Amino acid sequence: MLGSEATTTNFATFDTRNNHPTLVFDSVTQECTYWTDVMPWDYGAGGVTIKLHWTTSTTTTGTAGWTAAFERMDDNVLDLDTTAGGFGSRTTVTALTVLGTSGVVATSTVNIANGSAMDSTLAGELFRLEVCRDVANDNTGGDVELLSVDMKEQ
């Protein structure tokens, strides 16, 4: 969470929970965050599986949903001065039922196909991953806290 980057508007906010760093996402406004990384050199051009580890701030009912999107940032592909529209389409992470105890960690996963869904990111290229709370497709009434995001090639 400490390596995340705030979006220009409607960004998730940094917090801690019992000394664990978290990003807090609102229940009404879709908030997002970014991570910049390099696609591993041994990436074989397959799809990826994204895992989101999260909990709720206080609520114990409903569902929580997310979206994920890639932005390729390699040579002659993206002008950093005009990033609007640079991301591939958002992939919806199926909303998961909130666990019955606030603070218990849940894990949501989503498979993202290679190619346009990953903004055609290739091995060794710089990319940005956007993660947003999908408030249009979840119904838990409170904030959701994101603890970790990891990615693995399928």
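This is a short walk through one structure, from its core to a pocket, a strand residue and a hairpin. Keep in mind that the model is predicted.

Start with the core. The largest nonpolar core holds 27 residues. Those with the most contacts inside it are Ile50, Leu52, Trp54, Trp66, Phe70, Ile112 and Leu146. Where do the core residues come from? Six strands each supply at least two of them: S3 (20-25), S5 (48-56), S6 (63-72), S8 (106-112), S9 (126-133) and S10 (144-153). In general, nonpolar side chains in soluble globular proteins tend to be buried together.

Take Leu146 as an example. Leave out its neighbours within four places in sequence, and Leu146 still touches a long list. Among its contacts are Leu52, Trp54 and Trp66. Pro21, Thr22, Leu23 and Phe25 are on that list too. So are Met1, Trp35, His53 and Val131.

Next, the pocket. The largest one has a volume of about 200 Å³. Which elements line it? Strands S4 (32-38), S9 and S10 each give two or more residues. S10 has the largest share, with 4 residues. The full lining is Met1, Trp35, Asp37, Val38, Pro40, Phe127, Leu129, Ser148, Val149, Asp150 and Met151. By class, that makes 8 nonpolar, 1 polar and 2 charged residues. Note two names you have heard already: Met1 and Trp35 line this pocket, and both are in contact with Leu146.

Now Thr91. Thr91 sits in strand S7, residues 91-97. Is Thr91 buried or exposed? Its relative accessible area is 17%, under the 20% cut-off, so Thr91 counts as buried. Beyond its sequence neighbours within four places, Thr91 is in contact with Trp66, Thr67 and Ala68, and also with Val110, Asn111 and Ile112. Trp66 and Ile112 should sound familiar: they are among the core residues with the most contacts.

Last stop, the hairpin of S2 and S3. S2 covers residues 13-17 and runs antiparallel to S3, with 5 bridges joining them. Arg17 stands opposite His20 in S3. There are 2 residues between the strands. Look at the backbone here. Asn18, in the loop between S2 and S3, has a phi near 50°. Asn19, also found in that loop, has a positive phi of about 70°. Neither is a glycine. Most residues other than glycine have a negative phi.

How exposed are these two? Asn18 has a relative accessible area of 70%, and Asn19 has 74%. The cut-off for exposed is over 50%, so both qualify.

Conventions. Residues numbered from 1 in each chain as written. Predicted model: local features only at pLDDT ≥ 70, side-chain atom pairs only at ≥ 80, totals over all residues. Heavy atoms only, no water. Core = buried A, V, L, I, M, F, W, Y, C linked by side-chain atoms within 4.5 Å. Buried < 20%, exposed > 50% of the residue type's maximum accessible area, 1.4 Å probe, protein only. Contact = heavy atoms within 4.5 Å. 1 Å grid on protein atoms, 1.4 Å probe; cavity = no way out; pocket = protein on both sides within 12 Å on 5 of 7 lines; lining within 4 Å. Points joined across faces, edges and corners; volume = space filled by probe spheres on them. Nonpolar A, V, L, I, M, F, W, Y, C, P; charged D, E, K, R; others polar. Pairing = 2+ DSSP bridges.
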